[in-house]
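The following dialogue explains how to read several features of a protein model. Please consult the sequence and the coordinates as it proceeds.

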Amino acid sequence: LTLNLSSPHLVAQTAPEPRRQQLLNGLRVLLWNRPGDGNVYLKLRIHSGAAFDLAGKSGTMALLSDALFPDPTTREYFVEELGGRVEVTSDYDGINITLSGNASKFERIIELLSTALISTELTPPVIDKLRDARLKMVRELDVSPSLTADRAIAARLFADYPYGRPRMGSQETLTRVVRPDLMQARDRFLNPNNATLVVIGNVDERRAMRALKQLMGNWRKSDT
């Protein structure tokens, strides 16, 4: 008797459905408990990205993503104290925050995530520093022939539609992004009812939801 390990039925058995929950503020949560795994992996997706940048101000959402964990010491803390990492990326359709660390430090990880989302620092000095860093990155990428070709194709295909604009911004558009633009983007898009959180690791549902309600429950829901 042989078993067909490629059977869809067997594959389905090895990939259980996540537990689905939702906080009162609208944050959708997907939970995969993995007993025996010493680590926990979290991914938060904000469902709005560069496609929502204002015309002539491409790079606004990219700058907002840069503002979530701007302090290098926080990233070092994740590596040295929590045994994990922090990664924040943005694309046309969203902002993605990836966090990992020791499962025993789950509550601390949620606390740091909550602080980044609720107390996003958008002071003029911070914004100037983030803009300078992104301008430097854009200048370095501008010499790439492949990126130049990609931008030309996107502009040809999409014209003035948001997908035709550079999602990371350009040297011209980034200088136009000012503090009120970032504050408006934060208030409009950086909200729990515009986000989904995935938690995978050795954290059971009861513990996860208790921490999320305590530490993420005061993340303000958007009215729109």
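Q: How many aromatic pairs does the structure hold?

A: Rings of Phe, Tyr and Trp (its six-membered ring) pair if their centres lie within 6.5 Å; planes under 30 degrees apart count as stacked, over 60 as edge-to-face and the rest as tilted. The structure holds two such pairs. In one of them, phenylalanine 52 and phenylalanine 189 have ring centres 5.0 Å apart and planes at 50°, so the pair is tilted. Phenylalanine 52 belongs to the loop between β3 and α2 (60–66), while phenylalanine 189 belongs to helix α8 (residues 179–189), so named because helices (H or I, at least four residues) and strands (E, at least two) are DSSP runs, numbered from the N terminus. The two residues are 137 apart and link distant parts of the chain.

Q: On what basis are residues numbered and values computed?

A: Residues are numbered from 1 along each chain as its sequence is written, and side-chain values use heavy atoms, with hydrogens and water left out. This is a predicted model: local features need pLDDT of at least 70 and side-chain atom pairs count only at pLDDT 80 or more, whereas totals for chains, interfaces and linings use all residues.

Q: What is the strand order of the open sheet?

A: Two strands pair if DSSP finds at least two bridges between them. The open sheet has six strands in the order β1-β2-β6-β3-β5-β4, with mixed pairing. Its edge strands, each pairing on one side only, are β1 and β4 (85–90).

Q: How many bridges join β1 to β2, and how many join β3 to β5?

A: Strands β1 (residues 19–22) and β2 (residues 28–33) run antiparallel and are joined by four bridges. Glutamine 22 has arginine 28 of β2 as its bridge partner. In the hairpin of these strands, with five residues between them, glycine 26 takes a positive phi near 100°. Eight bridges join β3 (residues 39–46) to β5 (residues 95–102), also an antiparallel arrangement. Arginine 45 stands opposite asparagine 96 in β5.

Q: At what angle do α4 and α9 pack?

A: Axes are lines fitted to C-alpha atoms, for helices over the stretch in contact, and angles run from 0 to 180 degrees between N-to-C directions. Helix α4 (residues 106–118) packs against helix α9 (residues 205–216) at about 30°, with the axes 9 Å apart. That makes α4 roughly parallel to α9 (angles under 35 degrees count as roughly parallel, over 145 as roughly antiparallel, 65 to 115 as roughly perpendicular and the rest as oblique). Residues in the contact (heavy atoms within 4.5 Å) include Phe106 and Ile110 of α4 and Ala211 and Leu215 of α9.
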